[in-house]
Amino acid sequence: MTLLRASDARRAEIEAGLASARARIAAAERASGRAPGSVDLVVVTKTFPVSDLVTLADLGVRHVGENRDQEARPKAEAVADLSLVWHFIGQLQSNKARSVAQYAHMVESVDRPKLVRALSHAVESTGRPLEALVQVCLDDRPGRGGAAPQDVPGLATAVAEAPGLTLRGVMAVAPLDSDPDPAFARLAEIAAEVTAEHPAATVVSAGMSADLEAAVRHGATQVRLGSAVLGYRPPVG
Ligand SMILES: *Cc1c(COP(=O)(O)O)cnc(C)c1O
């Protein structure tokens, strides 16, 4: 395990990032009249090394997020003994469903019926149940994932009925380069429709480092923070 340890300086940096992220979440909860602790933190560890995951676990983080199977899988295997809870948050090809189902606890990016079927089949072979969120597309830009709002209710029902999958709610990413408030307001309406039909599906995963306050204002129950906790992340091409 010594090889996986972050340096003292890196540990201090992560500790400070975590403290400031938690303070931002608490302030956002207060500002929105939400109960303290009503917003869960998922720390997005993509591009960061396994040693950071070890440090995060050591600092009390349980929920971590990754967006690429080829990166997530070896990292999850390397720290399998830390009992972290893995959230898969990236666009997912059906042929990777089986791999993701081996380490993920929740897939947040379910956006089409074919992926629902693939994940359900994957659970049949792994025997590990999977929680799922339906990802909602909040902009017109294709290619960033997510189901069109009008397709969300049907997809939610497909997840709820799929053997091995548990529908927990919805996820979204704010549109690029525009005000996140109206987008997250729209997400709140869609989430309410889903919860009306599936009362246990109460998770609203929204809010990243740049827009967590807007997301909490509009009812996010989970924020996904990368750079706010772990620092600058070079863009991936
Ligand atoms: C990378 C990523 C995040 C975290 O982004 P930050 O801006 O670093 O907080 C959250 N959600 C998804 C889907 C991501 O891909």
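For sorting residues here, Ala, Val, Leu, Ile, Met, Phe, Trp, Tyr, Cys and Pro are nonpolar, Asp, Glu, Lys and Arg are charged, and the rest, Gly included, are polar. This is a predicted model, where local features need pLDDT of at least 70, side-chain atom pairs count only at pLDDT 80 or more, and totals for chains, interfaces and linings use all residues. Residue numbers start from 1 along each chain as its sequence is written, and side-chain values use heavy atoms, leaving out hydrogens and water.

Now for the ligand. Its shell holds 5 nonpolar, 3 polar and 3 charged residues. Among the residues around the ligand (a heavy atom within 4 Å) are Val 44, Ile 89, Met 208 and Leu 225.

Look next at the polar contacts, meaning pairs of N or O atoms within 3.5 Å. Ser 209 puts a polar side-chain atom 2.5 Å from a ligand oxygen. For the side chain of Lys 46, an N or O atom is 2.7 Å from an oxygen of the ligand, and for that of Arg 233 the distance is 2.8 Å. On its own the ligand exposes 390 Å², and the protein buries 89% of that (Shrake-Rupley method, 1.4 Å probe).

Zooming out, the C-alpha trace of the protein chain spans about 50 × 45 × 35 Å along its principal axes.

Terms used. Polar contact = N/O pair within 3.5 Å; in protein donor to acceptor, adjacent residues only side chain to side chain.
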